[in-house]
Amino acid sequence: MTRGRRHFSPQDKVKILRENLVDHKPISEICEKHEIQPSLFYSWQKTFFENGAAAFEGTTTKAGRVSAEQKKIEKLEAKLQRKDEVMAELLTEHILLKKEIGES
């Protein structure tokens, strides 16, 4: 009888990593206990440390993030407005040139 693939929640992964980092248990013991490969443990550990800064980014205010997003939206809207103005100018010139050609 084969067992299907197990899925660990992010909380479970952190608990398993904590056993090594905080409780100083050997990785081999942790892997045997949870029936995982050491390579999987190291993969989780790498991901954990690469994304660790995200845990401290939560200290920024939500208003600060919204403000930055709002500034980006306003900048893009201004850029779009400028493109509309340029298109209007080009279309006007195009119409005038067509009228001139049609009159000659």
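# Briefing: core, surface and side-chain pairs

R82 has a relative accessible area of 47%, so this residue is partly exposed, a class that lies between buried (under 20% relative accessible area) and exposed (over 50%), as judged with a 1.4 Å probe and protein chains only. The structure is a predicted model, in which local features need pLDDT of at least 70 and side-chain atom pairs count only at pLDDT 80 or more, while totals for chains, interfaces and linings use all residues. Residues are numbered from 1 along each chain as its sequence is written, and side-chain values use heavy atoms, with hydrogens and water left out. The helices named below are DSSP runs (H or I, at least four residues), numbered from the N terminus, and strands would be runs of E with at least two residues.

**The nonpolar core**

- Eight residues make up the largest nonpolar core, namely I16, L17, I27, I30, C31, I36, F41 and W44; such a core is a set of buried Ala, Val, Leu, Ile, Met, Phe, Trp, Tyr and Cys residues joined through side-chain atoms within 4.5 Å.
- At least two residues of this core come from each of the helices α1 (10-21), α2 (27-34) and α3 (38-50), and the largest share, three residues, is supplied by α2.
- In soluble globular proteins, nonpolar side chains tend to be buried together.
- If residues up to four places away in sequence are left aside, the core residue I36 is in contact (heavy atoms within 4.5 Å) with R6, F8, I16, C31, F41 and W44.

**The nonpolar surface patch**

- V14, L21, V22, F48 and F49 form a nonpolar surface patch of about 430 Å², where a patch takes residues with over 30% relative accessible area and no salt bridge, and joins nonpolar side chains (Val, Leu, Ile, Met, Phe, Trp, Tyr) within 5 Å, or like charges within 9 Å.
- Helices α1 and α3 are the elements that give two or more residues to this patch, and the area itself comes from the Shrake-Rupley method with a 1.4 Å probe.
- V14, one of the patch residues, lies in helix α1 and counts as partly exposed because its relative accessibility is 37%.

**Aromatic pairs**

- Three aromatic pairs are found in a search of the whole structure; rings of Phe, Tyr and Trp (its six-membered ring) pair if their centres lie within 6.5 Å, and planes under 30 degrees apart count as stacked, over 60 as edge-to-face and the rest as tilted.
- In one of these pairs, the ring centres of F8 and W44 are 5.2 Å apart and the ring planes stand at 70°, so the pair is edge-to-face.
- Because F8 lies in the segment before α1 and W44 in helix α3, this pair ties together parts that are 36 residues apart in sequence.
- F8 counts as partly exposed at 21% relative accessibility, whereas W44 is buried, with a relative accessible area of 10%.
- The rings of F48 and F49 also pair edge-to-face, because their centres are 5.6 Å apart and their planes are at 70°.
- F48 is partly exposed at 36% relative accessibility, and F49 is exposed, with a relative accessible area of 52%.

**Salt bridges**

- The structure holds three salt bridges, each defined by a side-chain nitrogen of Lys or Arg within 4 Å of a carboxyl oxygen of Asp or Glu.
- Side chains of opposite charge can pair when their charged atoms come close.
- E19 is bridged to K33, with 3.6 Å between the closest N and O atoms, and since E19 lies in helix α1 and K33 in helix α2, the pair ties together parts that are 14 residues apart in sequence.
- E19 is buried, at 9% relative accessible area, while its partner K33 is exposed, at 52%.
- Another bridge joins E50 and K46, whose closest N and O atoms are 3.9 Å apart; these two residues are four residues apart in helix α3, so about one helical turn separates them, and both are exposed.
- R82 forms its salt bridge with E85, the closest N and O atoms being 3.7 Å apart, and both residues lie in helix α5 (residues 62-103), three residues apart, or about one turn of the helix.
- E85 counts as partly exposed, with a relative accessibility of 37%.

**Positive phi in the loops**

- H24 is a residue other than glycine with a positive phi, near 60°, and is placed in the loop between α1 and α2, where it counts as exposed at 64% relative accessibility.
- E35, also not a glycine, has a positive phi of about 55° and is found in the loop between α2 and α3, where it is partly exposed at 49% relative accessible area.
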